[in-house]
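Me: I should like a close look at a single part of this structure. Please describe, in a connected account, the surface that the protein presents to one strand of the DNA.

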There are 2 protein chains.
Amino acid sequence: MAEDYVELIAELIETRGEARPVEIAERLGVKPPTVTKNISRLKTAGLVRREPYRAIFLTDAGQDLAETCRRRHRIVVAFLLSLGIDEETAERDAEGIEHHVSETTLEAFEKALKPHRRYK
Amino acid sequence: MAEDYVELIAELIETRGEARPVEIAERLGVKPPTVTKNISRLKTAGLVRREPYRAIFLTDAGQDLAETCRRRHRIVVAFLLSLGIDEETAERDAEGIEHHVSETTLEAFEKALKPHRRYK
DNA sequence: TTCTGAAATTAGACATGGCTAATTTATCTA
DNA sequence: TAGATAAATTAGCCATGTCTAATTTCAGAA
């Protein structure tokens, strides 16, 4: 859960300027109360900083995790695309796969990708 | 959960002659009471047939699901191996990945694999 | 500056999947 | 055949992640 949230929060901050529960709920396909509860868990875990009714920010730890997740996501998507899979499927499958890929496998994906230069 | 269970039950029946909770617990890394509870859920779901204190059998639906899962598992493992990943990592990662791979991606894996002929 | 509508939160319920401790059942052996 | 032991089950607890209904807060428009 944490990974999906910090990844999305980082993206929202980048593209929208800030991350709001209502946006997160829409993007993750859950209801706002679920987001509120999960954000407070992330806060307890030291991944986000925030005051009630305000926008959500990532702590340093949160940013690190987000960066790790986004790198994995990028690599997995690029790899699937390099196999000829369509973008929508690649995105959808990567979402599920990225949480289960070891560093070893990720490196193998990168290596298999290198000659193509279709990512980054 | 159901997929992991039926997959393992099918394998145990094949290699051991029968599937017992204690074996399942060991293989999945959970405790026996957890297995009892989950088996009864699988029974409710129509995937297994069984009487208390007896071995576990798959219904037709359970066998179909097991077959589907095992095919996916085989393909994913073979594909990871074909990338040069070691067996242990391939097995471990496949365990997580297989539940998130669409048929489209699975076919892409098979296709990428064909020239190697290292599976089946 | 007040009020209204959207966003967020709280409260409380539910399903899933895990655990420990205690009990029951089945089986094998003495 | 009677006990002992290993397997299985039951009871009851916990954490996670979801929901709906009700309430609170905030911010912009009248």
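Reply: The following account concerns the protein surface near DNA strand C and then turns briefly to the cysteines. The model is predicted, and the distances below are computed from it.

DNA strand C is surrounded by 19 residues, and the closest include A:Val22, A:Thr36 and A:Arg50 from chain A as well as B:Thr34 and B:Lys37 from chain B. Of the atoms of DNA strand C that come within 4 Å of the protein, 66% belong to sugar and phosphate.

Three helices each supply at least two residues of this surface: α2 (21–28) and α3 (32–44) of chain A, and α3 (32–44) of chain B. The most is given by α3(B), which provides five residues. By residue class, the surface near DNA strand C holds ten nonpolar, six charged and three polar residues.

Several of the closest residues can be examined individually. In chain A, a polar side-chain atom of A:Thr36 is placed 2.7 Å from a phosphate oxygen of DNA strand C. In chain B, the side chain of B:Thr34 has an N or O atom 2.8 Å from a phosphate oxygen of DNA strand C. For B:Lys37, the partner is a base oxygen of DNA strand C, which lies 2.4 Å from an N or O atom of the lysine side chain.

Finally, the cysteines may be considered. A:Cys69 counts as buried because its relative accessibility is 0%, and B:Cys69 counts as buried because its relative accessibility is also 0%. The number of disulfides over all chains is zero.

Notes:
Residues are numbered from 1 along each chain as its sequence is written. Chains are lettered from A and ligands numbered from 1 in the order in which they are written. This is a predicted model: local features need pLDDT of at least 70, side-chain atom pairs count only at pLDDT 80 or more; totals for chains, interfaces and linings use all residues. Side-chain values use heavy atoms; hydrogens and water are left out. A disulfide is a pair of cysteine sulfur atoms within 2.5 Å. Buried means under 20% relative accessible area, exposed over 50%, partly exposed in between (1.4 Å probe, protein chains only). A residue is near a molecule or strand if one of its heavy atoms lies within 4 Å of it. A polar contact is a pair of N or O atoms within 3.5 Å; within protein, one must be able to donate a hydrogen and the other to accept it, and residues adjacent in sequence count only if both atoms are side-chain atoms. Helices (H or I, at least four residues) and strands (E, at least two) are DSSP runs, numbered from the N terminus. Ala, Val, Leu, Ile, Met, Phe, Trp, Tyr, Cys and Pro count as nonpolar, Asp, Glu, Lys and Arg as charged, and the others, Gly among them, as polar.
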